[in-house]
Amino acid sequence: MRREIRLSGYGGQGLILAGIILAEAAMHDGHEAVQTQSYGPEARGGASKAEVIISDEPIDYPKVTAPDVLLLMSEAACKRYACTVEPGGAVIVDSGLVENVPSNAGVVYKIPVTDISVEATGRAITANIAALGVVNSVAKLVSPESLERAVAARVPRGTAEANLNALRAGMAAAQEAGSRAFQRE
Amino acid sequence: MAGKCDVRARLLQGNESCAEAALLAGVRFFAGYPITPSSEIAEILSARLPQLGGKFIQMEDEIASMAAVIGASLAGMKAMTATSGPGFSLKQENLGFASFTEVPCVIVNVQRTGPSTGLPTSPGQGDLMQARWGTHGDHPVVALYPSSVAETFDLTVKAVNIAETLRVPVILLMDEVVAHMRERVIVPCADEIEIAWRPRPTVAPSDYLPYDAGPDGVPAMADFGTGYRWHVTGLYHDITGFPTSAPAKVDHLVRRLEGKIANHRRDITFTWDEHMDDAKVAVVACGIVARSARRAVRLARGKGIAAGVFQPKTIWPFPYEQIAEIAARVDRIIVPEMNMGQLIGEVQRAACGKCEVIGHFRVDGEPITPEEILARLEEV
């Protein structure tokens, strides 16, 4: 099965690193994975995106066309990408950063990802890793063990513990959201 | 994880894969002038080469970079550079010198949309012909073209080996998409890959004739500084290395240079294909477009269309024989490429009217999608 994931927000949120970590975790699980990203003017400020494809078979076309899983971490990204999601796909929205999500955009999960990051680590800079925890809990893309291993290996030296805390906080928030149908539409 | 080598899967970026493969193949000298979308190759090698006792130098421009690579190679090092279209244009003069004087080297060109400064961060495939004919005069070159990060690793090793064994500049053409994406690569151990070196002289320095080639057309090459003194010139030269304008010697040299590639054609032609056995329509594509073609053909097969895909990994020398054989048994060949039609010209030459050849050209800086190719496959 081929699953397409698009992580979008603004430049500086660390979404490309999140994409690399997700792809590496998928590789640890024995899957094929490709990570691509947008370069150029849109990589700084404005809408920025990282994309990951995970598959059991060799991946032919490496670009995402219609994501099954979409993370929206800015208003600009929401405007640009909300409607690209595959029908029935999962849309995870940082509800602290995005106010309005088009109602036709898949199954929407509104979770205050950045707030969760600040609560867990005291910093918004780990929001990308908290988002990974949320995305993976919602979409079940990779094993939690592989995800933790990839996070620990890829984040800057000395920050593994904080980032793992952010990851777990994101996972917990998503599970809670699922069990209480927390703001789920 | 015991043992001298830890064979494992790694998630590598295309440019990272190229740099790591070059190191494994024995490259110990890099000179360059960093340029998007190839910059990571220089960045990584600037960190890694000194760790391995190699040399990295950022020169004042691409012309000087290419000259430094030639100098290092003449002194006995495996040497490479990396650039994009604008820099590749600047390197052409010295590339011709390397080709004519038979100095092994690898030139990576991560293509962008051209001409001129073009679109620095967007993919394009406009340098296929430049890789073959960018420098003046009849000259031998080899060009390889990967479609994935794993192929980048494999073809970089092959590029270094071919450069050494045939004493020829080898161009690794890459697409921006492949250069910047990350995929799994099984990184081999040093003792698991075949490493080649240029033939070196077995005679005494006093008996050394630097351009006296044996039957395979590749003369032995002595390292500068080892007591073998020889003359390297971009003028026509005889077996002593000194200039000549004697018609027979001039003719002999240009034909030997052409012949040394032709003689080794089979060893350096790499291709990939899928569903070609019973195909009635073939897609011929290279680089990232081969990945789109692969997907399109799989989708077409699902719709009952007898489609197949053929990917030349070696662009120069072009696999004319294989394309001719395909043209003889299919009704049509579709050639999608991110330029106004370069690969298609060679496909048409090979097909020689035996089947219809249709181009699909995209030049807006975006990659060709599988759906575009599928639409062409459905037009019958």
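These legends walk through several close-up views of a predicted model. Residues are numbered from 1 along each chain as its sequence is written, while chains are lettered from A and ligands numbered from 1 in the order in which they are written. Because this is a predicted model, local features need pLDDT of at least 70 and side-chain atom pairs count only at pLDDT 80 or more, whereas totals for chains, interfaces and linings use all residues.

**View 1. An open sheet is built from strands of chains A and B.** Eight strands line up in the order β6(A)-β5(A)-β4(A)-β1(A)-β3(A)-β2(A)-β8(B)-β1(B), with mixed pairing. Strands here are DSSP runs of E with at least two residues, helices are runs of H or I with at least four residues, and both are numbered from the N terminus. Two strands pair if DSSP finds at least two bridges between them. At the edges sit β6 (107-111) of chain A and β1 (8-13) of chain B, each pairing on one side only. From one strand to the next, the twist averages 20 degrees. Axes are lines fitted to C-alpha atoms, for helices over the stretch in contact, and angles run from 0 to 180 degrees between N-to-C directions.

**View 2. Inside chain A, β1 pairs with β4.** Strand β1 (residues 2-10) and strand β4 (residues 69-72), both of chain A, run parallel and share four bridges. To find one of these pairings, look for L7(A), whose bridge partner in β4(A) is L71(A). Helix α1 (residues 15-28) of chain A lies across β1, β2 (32-37) and β3 (47-55) of chain A together with β1 and β8 (182-187) of chain B. This helix runs at about 5 degrees to β3(A).

**View 3. Chain A meets chain B.** Here 16 residues of chain A are in contact with 16 residues of chain B; two residues are in contact if their C-beta atoms, placed from the backbone, lie within 7 Å. On the chain A side, α1 and β2 are the elements that give two or more residues, and β2(A) gives the most, with six. That side has eight nonpolar, four polar and four charged residues. Ala, Val, Leu, Ile, Met, Phe, Trp, Tyr, Cys and Pro count as nonpolar, Asp, Glu, Lys and Arg as charged, and the others, Gly among them, as polar. The strands β2(A) and β8(B) run antiparallel and are joined by two bridges. Across this pairing, V34(A) stands opposite E183(B).

**View 4. Two helices of chain B pack together.** Helix α1 (residues 14-24) and helix α6 (residues 149-166) of chain B meet at an angle of about 35 degrees, their axes 8 Å apart. From α1(B), the contact includes C18(B) and A22(B), and from α6(B) it includes F153(B) and V157(B). By class, the contact has eight nonpolar, four polar and no charged residues.

**View 5. A parallel pair in chain B is linked through a helix.** Six bridges join strand β13 (residues 332-337) and strand β14 (residues 356-361) of chain B, which pair in the parallel sense. One partnership to look for is V335(B) with G359(B). Between the strands, the chain passes through helix α12 (residues 343-351) of chain B, and this β-α-β crossover is right-handed. Right-handed means that, with the strands pointing away from the viewer, the path from the first strand over the helix to the second runs clockwise.
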